[in-house]
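Let's take a look at how the helices pack here and where the charged side chains pair up. Have the model open while you read.

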Amino acid sequence: MRITPVTVFIAFFAVLIIAVVLSKIKKETIGIRSAVVWLCLMSGIGFFGLFPELLDWFIRLVHLEERLLFVLLSAIFILLALIFNLSTRFDRMERNWAKTIQELALLTYQLEKKDKESKK
């Protein structure tokens with residue numbers, strides 16, 4: 001293993017992000033699902049940043065030729081997975097909002113109806 005300024009920067013960056021995520025978990029400003037995703041992602045980046053030989057072994061295992069291609073394909077895969085997760089959450093929230101608004105409209109209608117009946 002050769003320590004270079006780039007590997008030190010990658011490891012420092014990963015540790016910094018992990019510290020931020022752990023701080024957000026402690027303050028309860030981030031959900032556990034998001035925290036686990038970020039912790040796994042940053043741990044992997046830090047680990048493979050420090051031990052790129054293992055990344056080379058994994059690249060040979062999946063039959064790719066270049067480290068950069070593997071990293072880019074991995075990043076695209078992770079981004080697509082995150083986008084899918086966000087879109088499904090957004091759809092679920094939209095359905096919940098619609099249901100809540102419909103229930104609120106029904107309750108408002110019932111209250112107005114009772115109010116009119118009580119005035120008669």
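## An arginine at the start

Keep in mind that this is a predicted model. Let's begin with Arg67: its relative accessibility is 38%, so this residue counts as partly exposed. Its salt-bridge partner is Asp56, and the closest N and O atoms of the two sit 2.6 Å apart. This pair ties together distant parts of the chain, with Asp56 in helix 3 (residues 52–61) and Arg67 in helix 4 (residues 67–119), eleven residues apart. Asp56 comes in at 26% relative accessibility, so Asp56 is partly exposed as well.

## The other salt bridge

How many salt bridges does the structure hold? There are two. Besides the Asp56 and Arg67 pair, Lys119 and Asp115 join their side chains at 3.8 Å, N to O. Here both partners belong to helix 4, and they are four residues apart, about one turn of the helix.

Which side of the 50% cut-off for "exposed" do they fall on? Lys119 has a relative accessible area of 68%, so it is exposed. Asp115, at 39%, is partly exposed.

## Helix 1 against helix 2

Now for the packing. Helix 1 (residues 5–27) and helix 2 (residues 32–50) meet at an angle of about 160°, and their axes are 8 Å apart. Angles over 145 degrees count as roughly antiparallel, so that is how helix 1 and helix 2 run relative to each other. Their crossing is left-handed.

What kind of residues make up the contact of helix 1 with helix 2, by class? It has 15 nonpolar and four polar residues, and no charged ones. On the helix 1 side you'll find, among them, Phe13, Ile17, Ile18, Val21 and Leu22. Helix 2 brings in residues including Trp38, Leu39, Met42 and Ile45, along with Gly46 and Gly49.

## Helix 2 against helix 4

Helix 2 also packs with helix 4, this time at an angle of about 175° with the axes 13 Å apart. That angle makes helix 2 roughly antiparallel to helix 4. The contact divides into four nonpolar, two polar and two charged residues.

If you want to find it on screen, look for Arg33, Ser34, Val37 and Leu41 in helix 2, which meet Ile78, Leu82, Asn85 and Arg89 in helix 4.

Definitions and conventions. Residues are numbered from 1 along each chain as its sequence is written. This is a predicted model: local features need pLDDT of at least 70, side-chain atom pairs count only at pLDDT 80 or more; totals for chains, interfaces and linings use all residues. Side-chain values use heavy atoms; hydrogens and water are left out. A salt bridge is a side-chain nitrogen of Lys or Arg within 4 Å of a carboxyl oxygen of Asp or Glu. Helices (H or I, at least four residues) and strands (E, at least two) are DSSP runs, numbered from the N terminus. Buried means under 20% relative accessible area, exposed over 50%, partly exposed in between (1.4 Å probe, protein chains only). Axes are lines fitted to C-alpha atoms, for helices over the stretch in contact, and angles run from 0 to 180 degrees between N-to-C directions. Angles under 35 degrees count as roughly parallel, over 145 as roughly antiparallel, 65 to 115 as roughly perpendicular and the rest as oblique. A crossing is left-handed if the near helix is turned anticlockwise from the far one by less than a right angle, and right-handed if clockwise. Contact means heavy atoms within 4.5 Å. Ala, Val, Leu, Ile, Met, Phe, Trp, Tyr, Cys and Pro count as nonpolar, Asp, Glu, Lys and Arg as charged, and the others, Gly among them, as polar.
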